[in-house]
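Me: I'd like to learn how to read the place where two chains meet. Could you walk me through it?

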Amino acid sequence: MACAAQPRIWIAFRAKIGTDPHMIRAICILLLFQLAGESLSRGFDLFVPGPVIGLAALFIALLIFPKLAEVIRVAANGLLAHLSLLFVPAGVGVIAHLGTFGTNGIGLIVALIVSTALAILAAVLTFVLFARLMGQRHE
Amino acid sequence: MNDAVLLWSYLAQEPLLWLTTTLVAYTISDWAAGKAGRHALANPVLMAVILIALVLWVTSTPYATYFEGAQFVHFMLGPATVALALPLYDNLPKVKAALVPMIAALFAGSLTAIITALGIAKAMGITGETLMSLAPKSATAPVALGVSEAIGGQPTLTAVLVILTGISGAIIATPMLNALKITDWRARGFAVGVAAHGIGTAHAFRINSTAGAFSGIGMGLNAVLTALLAPLIARLFL
């Protein structure tokens, strides 16, 4: 990495004030993988969204080049720590489109909430059951 | 007075105002959620959405104008999804050890999400286009919209249902799993990711980093499985 030539104390200082020396490179990497994912998704008319393909591709890249992890770490964790914020604009869209429910509002809401609770239950219980069958302890 | 009106009509059309509104509303909601001891109902996404919707309603601002500013935040969803590769990589040994439980839980969660949504809605008299729009609700938005369109649903309605599913899942998960005394963060995170996609994953990351990593995997895998299963299952409910 480029910071290898810098004095250790300077690196420690920068870490302390929270500067990410890799930020621009990290954003480049994330955008390049998203771009590659979008190109594959659209180019081959795949049903998997571009960012999900980008996720898989970056994961493979991390396996091949483990040093990449430290370049993207601060930026990636920063984005993921505020993932909730990123859903707000789409959420506001929900309020704007509540009219699309028509007369089916209550039925849709009940189906959605009950089904989501059951899906969480089914998945969590299946996971725990199989983990126990495999003799894994709880973490 | 006239100057204030002019200033407002200028600002109201600028992306800056609505971008700032989005960030301020989220900061207030996140602070309030912290004050409420991270109570499940004090969901920061839900509170921020209600707050912004109120501002838009009071100022009679159309959603399209708001989105001109908010799109910068919305855009970051793509890079953030790609960034999920890092927690996946960091948790690799845990992920490898949990491969079998994950695949079993993926099928159980994905099938339950699609079948119970369609079954309950049909029992409540919902049919046709509206029913089909509900089928892919647990998948991440771009996949859900594509599936909805393919099986004769209404993509706009699906978009609304997907977001509501995410918010419901994020609100229900913690109290329900605590009541069941499920302490395995891998299982908790994975289940929320399968059932409540990115919004569930965002919630999982706030609670536990292992849960967040497994939630991201659950979301990604269910995107693929829902795209394969929903069209097949939807036929049975036509």
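Here is a short chat about an interface and a surface patch.

Reply: First, the ground rules: this is a predicted model, where local features need pLDDT of at least 70, side-chain atom pairs count only at pLDDT 80 or more, and totals for chains, interfaces and linings use all residues. Residues are numbered from 1 along each chain as its sequence is written, chains are lettered from A in the order in which they are written, and side-chain values use heavy atoms, with hydrogens and water left out.

Me: How many residues does each chain bring to the contact?

Reply: Contact means heavy atoms within 4.5 Å. Here chain A gives 71 residues and chain B gives 91 residues.

Me: And what area do they bury?

Reply: Interface size is often given as the accessible area lost when the parts come together. With a 1.4 Å probe, summed over both parts, chain A and chain B bury about 7300 Å², 83% of it on carbon and sulfur atoms.

Me: How many salt bridges cross the interface?

Reply: A salt bridge needs a side-chain nitrogen of Lys or Arg within 4 Å of a carboxyl oxygen of Asp or Glu. The rule finds 1 across this interface. A:R73 pairs with B:D90, and their closest N and O atoms are 2.8 Å apart.

Me: Which helix supplies the largest share of chain A's side?

Reply: Helices here are DSSP runs (H or I, at least four residues), numbered from the N terminus. On the side of chain A that touches chain B, α7(A) leads with 24 residues.

How values were computed
Buried area = accessible area lost by both parts, 1.4 Å probe. Helix = DSSP H or I, 4+ residues; strand = E, 2+ residues; numbered from the N terminus.
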